[in-house]
Each structure stands twice: as structure tokens, then as C-alpha cells.
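Colleague: I'd like to learn how to read a model like this one feature by feature. Can we go through it together?

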Amino acid sequence: MTTIIDVNQLSVHFPLATSTVKAVDGVDLAVEERETLAIIGESGSGKSVLGTSILGLFPPTCTVSGSITYDGADLLSLSDKELQSVRGLKIAWVPQNPASALNPSMRVGEQIGEPLGRHTEWGRERIHLKVLDLLYKFRVLPPEERFSAYPHSFSGGMLQRALVAMGVSALPEVIIADEPTKGIDVINKGSISAVFRTVRDQGITLIIITHDLSFAHDLADRIVVMYNGRIIEIAESSRFFTRPLHPYSAGLLHSLPENGLIPIPGKTQDLDEHDTGCKFRFRCTDVTQRCCNEPPLIRHESGTLVRCWNYD
Amino acid sequence: MIEGIGLTKNFISENNRKKHTRAIEDVDIRIDKGETLALIGESGCGKSTLGRILLNLIPPSQGEVLFEGQNLAKMTPSELRAIRWKFQIVSQHPDSALNPRWTVADSILEPFRIHSKMTGGRDQKRELERLIDLVGLEPEQAARFPHQLSGGELQRAVIARAIALDPAFIVCDEPTSMLDVSIQASIIRLLQARQKEIKCGCLFITHDIQLAKIMGDRIAVMLDGQIVEEGAGILDHPAHPFTQKIVSPDPHETVPELVPVCNCSSRACSYLPSCPSRSPLCNSYPKMQEYGDRRVRCHLLS
């Protein structure tokens with residue numbers, strides 16, 4: 001396995017008037033070529049910010065440190081112009097909330113063809129045919145009719161499939177999808193999984209940001225768990241769902257309806273920015289003296305990386 | 001306690017008066033005191049419309065809703081106002097359910113202001129303390145505005161408002177579909193506990209099968225505006241082909257969702273286009289029939 005994207009000590013901080021919000025704090029992550037990686041965590045854990053960082057999309061007020069290496073270059077030090085040849089062409093983004101991600105006054109087919117128009121020399125006719133082919137492949141049917149329809153006439157599941165089609169259109173090496181199953185009902189979720197499976201089978205590296213654990217289970221090779229801006233566990237998917245190590249990961253699995261619907265006690269706290277302890281210690285049932293110092297990512301004998309002193 | 005008989009709702013297009021969309025059709029539904037009916041179905045199948053009709057938020061095109069034996073459609077506005085407090089809703093989007101210009105406390109106390117005749121003697125400050133304690137909010141959070149709270153906290157506030165007057169019936173319209181799994185667990189536990197306390201009936205609308213199993217005393221499956229199967233253990237032993245499909249979906253299936261057929265003429269079974277076990281009989285419209293512990297709308301069983 002070769003590493004395709006290497007995130008090294010990435011921090012994205014938002015300075016406020018009196019404090020600093022550490023959305024992403026010292027994240028190290030090596031994404032392997034052709035793997036499917038699921039980043040899970042609750043809202044506010046920093047998973048979306050991590051995803052947009054890889055594309056070099058930052059809100060104007062934040063401060064960024066660390067590096068993200070892709071294809072021998074540090075994405076964080078590229079100019080906007082250089083980044084444009086990566087975004088959409090090499091690394092594509094499938095945004096959250098498909099209903100507001102598309103231009104409501106532009107035909108869907110034209111929007112799906114946009115990356116091709118920007119990144120290739122193809123003519124209109126060729127792009128048109130390619131888009132019809134994509135629509136057919138991602139089951140946005142019937143393709144001719146859907147090509148010239150506007151987003152409002154699509155159902156949620158169909159829009160999500162159209163967005164994936166748009167992400168894949170320029171044949172990128174990596175696709176990052178943000179919450180692709182949010183607001184999609186269980187019955188239609190199957191078709192979203194099927195679409196991503198098609199993408200994966202084309203040899204595209206997938207990074208899926210989600211809090212839908214069954215969806216992650218369905219697709220991912222590895223699971224990354226984030227909590228309060230930190231990665232707290234990186235595990236093989238099969239191992240994670242049978243034997244999660246971090247107390248927070250175990251709590252997440254227990255809060256699934258099929259596993260008893262047991263809530264994690266307490267709630268995410270706005271920690272003092274200078275706090276040096278384990279971020280989960282106020283909700284953890286297994287706290288010791290050592291938890292006042294934050295543990296490093298510890299390699300467990302199973303190969304899982306976990307940020308918890310219990311496995312030292 | 002609440003009962004809908006032969007409910008049908010046609011929405012008429014604003015632009016084209018001839019264009020009708022049949023949201024629900026010929027639905028019989030009954031919820032007893034203290035009971036939870038979980039209603040499952042795809043998006044767009046009419047689940048929310050049914051909930052709204054039961055609450056008398058929109059009138060049905062045909063059929064009637066009986067609440068404690070009284071026909072809601074035949075009541076005068078003032079009679080209706082007098083019993084309105086008995087039914088409440090917890091909606092899917094907590095961020096749009098509260099008035100953005102009121103503090104959360106103002107919203108939670110609104111039922112007391114609206115029904116002041118009935119609740120005139122109660123001390124609002126004490127009631128607020130009682131309610132926010134019941135749903136697990138901090139007093140400091142109740143003084144904030146909705147945009148300053150997270151989705152889970154807002155949903156707690158919406159629940160506090162819904163249970164403020166000890167209603168007899170609550171419609172929960174996908175109350176956790178926009179929340180994280182860990183938050184979902186705590187909100188569902190909260191709903192269960194409060195429901196047990198005030199012994200109210202509940203229509204729990206969801207598309208999560210596991211949640212429906214946990215919440216529902218009985219479960220109803222909806223497809224294209226009709227209830228196709230209803231009973232207590234139907235998710236463990238599904239009889240209708242559609243229930244069978246949603247209980248154990250084929251993970252390798254690539255066929256997309258059903259395209260709803262919304263013509264208003266007499267028609268075939270709604271599941272006909274996708275049903276694996278269809279027969280020529282299925283071109284006619286199946287009736288809801290009782291089979292032991294359940295009611296099913298399918299020709300296969302008769």
C-alpha cells in the first residue's frame with residue numbers, strides 16, 4: 001500500500017475575541033491509495049473541517065499549521081491557481097446537503113458536466129454524452145429527461161446520486177464525501193451505498209465523512225474516530241465494529257438502536273483551550289489519574305491506534 | 001383514543017387546478033391511550049401528511065378523525081381551541097420549530113399563554129423550572145435564543161413545549177433524523193421516559209427500522225400513501241413483500257427508489273412495479289384485511 005494523502009500535524013484554529021476554537025488539533029493521518037476511509041464523529045468534532053482542509057478550502061478567519069502532502073507537494077503551500085488543478089480534477093468533493101449544493105437555476109446535466117468543461121479540452125457534444133453515461137451509471141433515470149431538469153424536481157436520494165456523478169465526472173484519484181446519507185431514508189440508503197461501491201470499484205480512493213455508523217460499516221476499510229478536534233482511534237473496519245477500543249467509540253456503538261440505544265453520559269464540552277487532559281475524561285466511565293494528561297495515539301497489539309491510557 | 005377512518009388527502013396544484021397529488025389514500029389508523037404506533041415509510045410516502053391530518057393541522061379530503069369519540073371536522077373553532085392542548089407535535093427540524101426572536105423559555109411557556117384560561121392559576125416560573133429539568137436543559141440555556149443552541153438541545157426544548165400541558169397525544173415526526181447517533185439515543189430515552197410519565201399516545205414517524213422496533217407497541221408500514229401492513233411483530237415476521245424488503249434490503253441492489261404513481265383513477269397495487277412475487281391479480285387494488293395479529297394489504301395472502 002502506498003500513501004496517497006499524508007496529513008501531518010494539521011491544526012485548524014479559529015481565534016475568537018477571548019478564546020480559540022481548535023476545530024482540528026494536531027491530526028496525523030495517512031490515507032492509503034485505493035482504500036475507503038470513513039471519518040466518524042459527532043457534529044462539531046472537526047471531521048468536516050478536516051475534509052475541507054484537504055481541498056485547501058479554509059474559512060477566512062482561521063489559522064492553519066501542519067502539512068498535507070499529496071503527489072509530492074504540500075497542498076497547504078500551493079497557490080490558489082495551483083490548487084485549482086488539484087480540486088475537482090485530482091481530488092473531488094461531494095458536499096453535504098445536496099439540496100443546497102447545486103445551483104437551483106441551472107440544469108442538473110450542465111452542472112455535472114462543469115468539471116469536465118473546466119479540466120478537459122472536450123467539446124460540448126462529448127461532455128453531453130459523458131454526462132448521460134454518468135447519469136445512467138448512477139441510476140439517475142431516465143438520463144435524457146434528468147439531464148435537462150432542474151434540481152428542485154429531484155428527490156433527495158436522486159440529488160445525492162447526481163452529486164456523486166458530478167464528483168466522479170473528471171475521474172479524480174480521491175473523492176471526499178461529506179455526510180452523503182444525511183436526511184436520506186433507510187430504504188434509499190441502499191442505492192447511495194451502491195453508488196459509492198461503484199466508485200470504489202473503479203479504484204478511486206474514498207474518504208467518507210459521516211456519523212452514520214451502518215453506512216461506514218457497509219463501505220469502509222478503515223475507520224477514523226474524531227472527538228473534539230482530535231483523532232482518538234484508527235482501526236480496521238471489521239475490528240472496529242466488533243471490538244472498539246476507545247471508550248467513546250464503544251459508547252457510539254452502544255448508542256445505536258440495534259445495540260440497546262444507550263446514550264453516552266454527559267455532553268461535549270467547550271473545553272478550556274489550555275486544557276491538557278484527555279478530552280473525553282469528563283464523560284468517561286473509566287477515568288484514572290493519568291487522564292489529566294492527554295495520551296498519545298498508542299498502537300494496540302491488534303494494530304489499532306487509540307488515544308487512551310487504558311491501552312498503554 | 002384517536003382514530004382516523006378512510007382518510008384520503010389530495011393536494012391540488014396551485015398552477016394547474018386539474019393536477020392532483022394523492023398524498024394518502026384510504027388510511028384507517030387507531031392509537032389507544034398511552035400506546036405508541038411507529039409509522040415507517042420512504043420519504044414522500046405520506047407519513048407526515050397523515051400525522052398532520054390526525055392533529056387537524058390540515059383537513060382530510062375524505063374520511064374523518066375521531067378524538068375521544070368526537071369528530072374533529074364537526075367541531076366549532078371555539079370547541080376545537082378548548083381541546084387543542086391535548087395534541088402536540090415534535091417536528092423533524094428543531095431549528096425551525098421555535099420562534100427565532102423569542103428566547104427558548106418564551107417558546108416553552110407559550111402553551112401556558114395560549115391556554116391561559118385552563119392554566120391561569122399556575123406559576124409560570126415554576127412550570128419552566130419543572131419542564132427544563134424534565135428534559136435536561138440548563139436554566140441558562142433556556143434564557144438563550146434558538147440559534148445559540150445545538151440541534152439536540154433545541155429538540156429538548158421542543159419536547160419540553162410539547163409536554164408542557166400533559167397532552168393526550170403527541171405526533172413525533174422523525175424527531176432524531178437530523179441528530180447524531182449519540183444524541184439520538186438520549187433524545188429517544190427522554191421521549192420514552194416522559195411518555196410513560198404522562199401516559200400519552202404517540203404516533204412515532206420514522207424511517208429507521210431499528211428505532212421503530214424500539215419505540216413502537218405496534219408498527220405500521222406505509223407505501224405510496226397507503227398503510228400496507230400493520231401489527232405488533234411485523235418487523236420480525238414481515239408478510240407484505242415491501243415490509244420484507246425494508247427489513248432485509250439486498251445490499252447489492254442497484255435499482256433506485258420507486259417512482260410514485262400518483263394518478264387518481266383506480267389503479268393496481270402500489271408495490272406492483274417492484275414486487276418480486278407479483279401475479280395477474282395484483283393489477284387490481286388489494287384491500288386491507290385482517291390476518292390474526294396484523295392487517296395486510298396484499299393479494300398474496302388472501
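Colleague: Let's start with strands. In which sense do strand β1 and strand β4 of chain B pair, and over how many bridges?

Modeller: Keep in mind that this is a predicted model. Strand β1 of chain B covers residues 2-12, strand β4 of chain B covers residues 62-67, and the two pair in the antiparallel sense over 5 bridges. You can follow the register residue by residue: B:Thr8 has B:Gln62 as its bridge partner in β4(B), while B:Glu3 has B:Leu66 as its partner there.

Colleague: What is the strand order in the open sheet they belong to?

Modeller: Read across the 4 strands and you get β2-β1-β4-β5 of chain B, with antiparallel pairing. The edges are β2 (20-31) and β5 (70-71) of chain B; each has a single partner strand, so one side of each is left without a neighbour in the sheet.

Colleague: And how many bridges join β4(B) to β5(B)?

Modeller: There are 2 bridges, and the strands run antiparallel. B:Leu66 shows up again here, with B:Asn71 as its bridge partner in β5(B). The hairpin of these strands has 2 residues between them, and B:Glu68 takes a positive phi near 45° in that hairpin.

Colleague: Which strands of chain B does helix α1 of chain B lie across?

Modeller: Helix α1 (residues 47-54) of chain B lies across β1, β2 and β4 of chain B, and runs at about 120° to β1(B).

Colleague: Over to chain A. How many strands does the open sheet with mixed pairing have there?

Modeller: That sheet has 8 strands, in the order β6-β7-β8-β3-β9-β10-β12-β11 of chain A. Look at the two ends of that order: β6 (91-94) and β11 (298-299) of chain A are the edges, each with a single partner strand, so each has one side left without a neighbour in the sheet.

Colleague: Parallel or antiparallel: how do strand β3 and strand β9 of chain A pair?

Modeller: Parallel, over 4 bridges, with strand β3 at residues 36-40 and strand β9 at residues 222-227 of chain A. Within this pair, A:Ile39 stands opposite A:Val224 in β9(A). Two helices are worth a look next. Helix α1 (residues 47-54) of chain A lies across β3, β6, β7 (174-178), β8 (205-210) and β9 of chain A, at about 150° to β8(A). Helix α7 (residues 156-168) of chain A also packs on the sheet, touching β6 and β7 of chain A, with its direction at about 170° to that of β6(A).

Colleague: What about the backbone: where is A:Pro142 found?

Modeller: A:Pro142 is in the loop between α5 (124-137) and α6 (143-147) of chain A. The peptide bond leading into it from A:Leu141 is cis, with omega near -15°. Another one to check is A:Asn97, in the loop between β6 and α3 (98-101) of chain A. A:Asn97 is not a glycine, yet it has a positive phi of about 60°.

Colleague: How many aromatic pairs does a search of the whole structure find?

Modeller: The general idea is that two numbers describe such a pair, the distance of the ring centres and the angle of the planes. Over all chains, the search finds 7 aromatic pairs. Take A:Phe196 and A:Phe215: their ring centres are 6.0 Å apart and the planes are at 80°, so the pair is edge-to-face. The two rings link distant parts of the chain, 19 residues apart, with A:Phe196 in helix α8 (residues 186-201) and A:Phe215 in helix α9 (residues 213-219) of chain A.

Colleague: Last topic: how many cavities of 30 Å³ or more are there in the whole structure?

Modeller: In general, you roll a probe the size of a water molecule over the atoms to see where empty space is left. Here the search finds 6 cavities. The largest holds about 90 Å³ of space. It has 13 lining residues, and the closest to its centre are A:Cys278, A:Cys284, A:Cys291, A:Cys308 and A:Trp309. By class, the lining of the largest cavity has 9 nonpolar, 2 polar and 2 charged residues.

Colleague: How much space lies in the second largest cavity?

Modeller: About 80 Å³. Its lining residues include B:His240, B:Cys269, B:Cys275, B:Cys282, B:Cys298 and B:His299. The class split for the second largest cavity is 8 nonpolar, 3 polar and 1 charged.

Definitions and conventions. Residues numbered from 1 in each chain as written. Chains lettered and ligands numbered in written order. Predicted model: local features only at pLDDT ≥ 70, side-chain atom pairs only at ≥ 80, totals over all residues. Heavy atoms only, no water. 1 Å grid on protein atoms, 1.4 Å probe; cavity = no way out; pocket = protein on both sides within 12 Å on 5 of 7 lines; lining within 4 Å. Points joined across faces, edges and corners; volume = space filled by probe spheres on them. Nonpolar A, V, L, I, M, F, W, Y, C, P; charged D, E, K, R; others polar. Pairing = 2+ DSSP bridges. Contact = heavy atoms within 4.5 Å. Axes fitted to C-alpha atoms, helices over the stretch in contact; angles between N-to-C directions. Phe/Tyr/Trp six-rings, centres within 6.5 Å; stacked < 30°, edge-to-face > 60°.
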